[in-house]
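User: I would like a close look at one part of this protein. Please start with how far the model can be trusted, then go to the part itself.

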Amino acid sequence: MTNNSFSPDTHGADSHKWVDLGLPSGLLWARCNVGAVAPEDFGDYFAWGENKPKGMYDDDTYIFLNRHGKLTKYCNVADCGVDDNLTRLKTR
């Protein structure tokens with residue numbers, strides 16, 4: 001996220017405050033992980049490419065793995081699944 005799109009939130013929970021590392025790009029970092037309320041908290045768990053937190057991550061709960069154990073998205077090795085060459089996360 002860049003500071004062009006978002007501005008630091010000085011109201012509400014500490015978890016929504018931004019840290020400016022002074023990067024040339026203006027990129028701001030979140031003070032906490034998503035779902036955390038303090039910097040030392042782990043926060044929520046997400047699987048690669050998914051946008052909803054998970055209580056557990058394994059082959060059975062990963063939405064981009066089919067019943068044959070092959071990736072259906074975010075794969076760039078044909079032997080591992082559908083070779084879509086996606087290297088950036090997409091909205092569903």
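What is the mean pLDDT of the protein, and what share of its residues reach 70 or more? After that, please take me through the segment after β2, with Asn33 and Glu50, and then the cysteines.

Analyst: This is a predicted model. Its mean pLDDT is 81, and 82% of the residues reach 70 or more. One stretch needs care. Over residues 1-15, pLDDT stays under 50. The model still has 21 contacts for that stretch beyond four places in sequence.

Now the frame. The protein has two strands and zero helices. It has 92 residues, and 18% of them count as buried. Its accessible surface comes to about 7200 Å². Carbon and sulfur atoms account for 54% of that surface. Take the contacts between residues at least 6 apart in sequence: 11% of these join residues at least 24 apart.

Next, the segment itself. β2 spans 28-30. Asn33 lies in the segment after this strand. With a relative accessible area of 46%, Asn33 is partly exposed, because that value falls between the 20% and 50% cut-offs. Beyond its neighbours within four places in sequence, Asn33 is in contact with Asp41, Phe42 and Gly43. Tyr45 is twelve residues from Asn33 along the chain. The C-alpha atoms of Asn33 and Tyr45 are separated by 9.6 Å.

Glu50 also lies in the segment after β2. Is Glu50 buried or exposed? Glu50 has a relative accessible area of 11%, so it counts as buried, the cut-off being 20%. Its side chain has a partner in the backbone. The side chain of Glu50 reaches the backbone nitrogen of Ile63 at 3.0 Å.

Now the cysteines. Cys32 has a relative accessibility of 7%. That is under 20%, so Cys32 counts as buried. Cys75 has a relative accessible area of 2% and is therefore buried by that cut-off too.

What about covalent links between cysteines? A disulfide is a covalent bond between the sulfur atoms of two cysteines. The structure holds zero disulfides. Cys75 is in no disulfide, and the cysteine sulfur nearest to it belongs to Cys80, 5.3 Å away. A disulfide here requires sulfur atoms within 2.5 Å, so the 5.3 Å between Cys75 and Cys80 does not qualify.

To pull the part together: Asn33 is partly exposed and in contact with residues including Asp41. Glu50 is buried, and its side chain reaches the backbone nitrogen of Ile63. Cys75 is buried and in no disulfide.

Note on methods. Residues numbered from 1 in each chain as written. Predicted model: local features only at pLDDT ≥ 70, side-chain atom pairs only at ≥ 80, totals over all residues. Heavy atoms only, no water. Helix = DSSP H or I, 4+ residues; strand = E, 2+ residues; numbered from the N terminus. Buried < 20%, exposed > 50% of the residue type's maximum accessible area, 1.4 Å probe, protein only. Polar contact = N/O pair within 3.5 Å; in protein donor to acceptor, adjacent residues only side chain to side chain. Contact = heavy atoms within 4.5 Å. Areas by Shrake-Rupley, 256 points an atom, 1.4 Å probe, with all protein chains shown as cover. pLDDT = per-residue confidence, 0-100.
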